[in-house]
Amino acid sequence: MPIDTTDLWPEPDPGAHPGGAAAGGQSVQAVDADGFVPFDAVPVPSASQAETDQHAANLRDATHQQIAVVLEELALEVEDLGGRLCTDMEIATRHMDVLQAIDLIAQKQRSLAKLLEADCPVKAIEQIGIDVLRDRMRMFH
């Protein structure tokens with residue numbers, strides 16, 4: 001049986017850039033079918049911490065905006081429900097405290113929606129018209 005003389009670790013071509021084709025200013029790593037990255041491959045640059053932080057902040061802001069929209073929609077639905085119940089004078093008379101609680105829920109939802117949309121949460125907290133909610137939100141500042 002003949003001896004295999006294939007060079008398992010060939011020397012790089014002197015005319016080639018270190019790191020293979022990726023080193024010519026490109027940022028792509030060569031990966032074989034088994035997921036092996038050659039030791040001399042140029043690493044793919046990762047996003048900077050600032051870019052990562054900015055992306056997270058943008059995602060958080062978009063999420064807060066969507067939560068605010070949903071809270072406003074819920075406030076409208078709760079107010080509509082309370083309004084429908086108020087059309088029946090017997091229900092309105094017997095359950096005025098419950099109807100007021102329904103209205104308070106809608107007010108709280110609107111206040112929280114405004115707080116989520118605010119550029120300055122501290123200022124927005126001070127503009128909350130419901131004392132109990134305003135005091136509760138102050139606990140975080």
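## A tour from helix α5 to helix α1

Select helix α5 (residues 131–138), where Arg134 and Asp131 both lie, three residues apart or about one turn of the helix; helices here are DSSP runs of H or I of at least four residues, numbered from the N terminus. An α-helix has 3.6 residues a turn, so residues three or four places apart point the same way. The side chains of Arg134 and Asp131 meet in a salt bridge, at 2.4 Å from N to O, the term being used for a side-chain nitrogen of Lys or Arg within 4 Å of a carboxyl oxygen of Asp or Glu. Arg134 counts as buried at 15% relative accessibility, whereas Asp131, at 45%, counts as partly exposed; buried means under 20% relative accessible area, exposed over 50%, and partly exposed in between, with a 1.4 Å probe and protein chains only.

Before moving on, keep in mind that this is a predicted model, in which local features need pLDDT of at least 70 and side-chain atom pairs count only at pLDDT 80 or more, while totals for chains, interfaces and linings use all residues. Residues are numbered from 1 along each chain as its sequence is written, and side-chain values use heavy atoms, with hydrogens and water left out.

Next, select Leu115, Ala124, Ile125, Ile128, Ile130, Leu133 and Met137, the seven residues that make up the largest nonpolar core. The elements that contribute two or more residues to this core are α4 (121–126) and α5. Such a core is a set of buried Ala, Val, Leu, Ile, Met, Phe, Trp, Tyr and Cys residues joined through side-chain atoms within 4.5 Å.

Centre the view on Ile128, which, leaving aside its neighbours within four places in sequence, is in contact with Ser111, Leu133, Arg134 and Met137; contact means heavy atoms within 4.5 Å. Ser111 lies in helix α3 and, at 14% relative accessibility, counts as buried. With neighbours within four places in sequence again set aside, Ser111 is in contact with Ile128, Ile130 and Leu133.

Stay in helix α3 and select Arg110 together with Glu72, whose side chains meet in a salt bridge at 2.8 Å, N to O. This pair links distant parts of the chain, with Arg110 in helix α3 and Glu72 in helix α1, 38 residues apart. Add Glu79, whose side chain meets that of Arg110 in a salt bridge at 2.7 Å, N to O; here too the pair links distant parts of the chain, Glu79 being in helix α1 and Arg110 in helix α3, 31 residues apart. Glu72, Glu79 and Arg110 are thus linked in a network of salt bridges. Glu72 is partly exposed, with a relative accessible area of 28%, and Glu79 is partly exposed at 34%.

Now show the whole of helix α1 (residues 49–86), whose 38 residues should span 56 Å at 1.5 Å a residue, in agreement with the 55 Å between its end C-alpha atoms; the expected span is 1.5 Å times one less than the number of residues. Its buried residues are Ala57, Ala68, Leu71, Ala75, Val78 and Gly82, and what covers them includes α3 (96–117).
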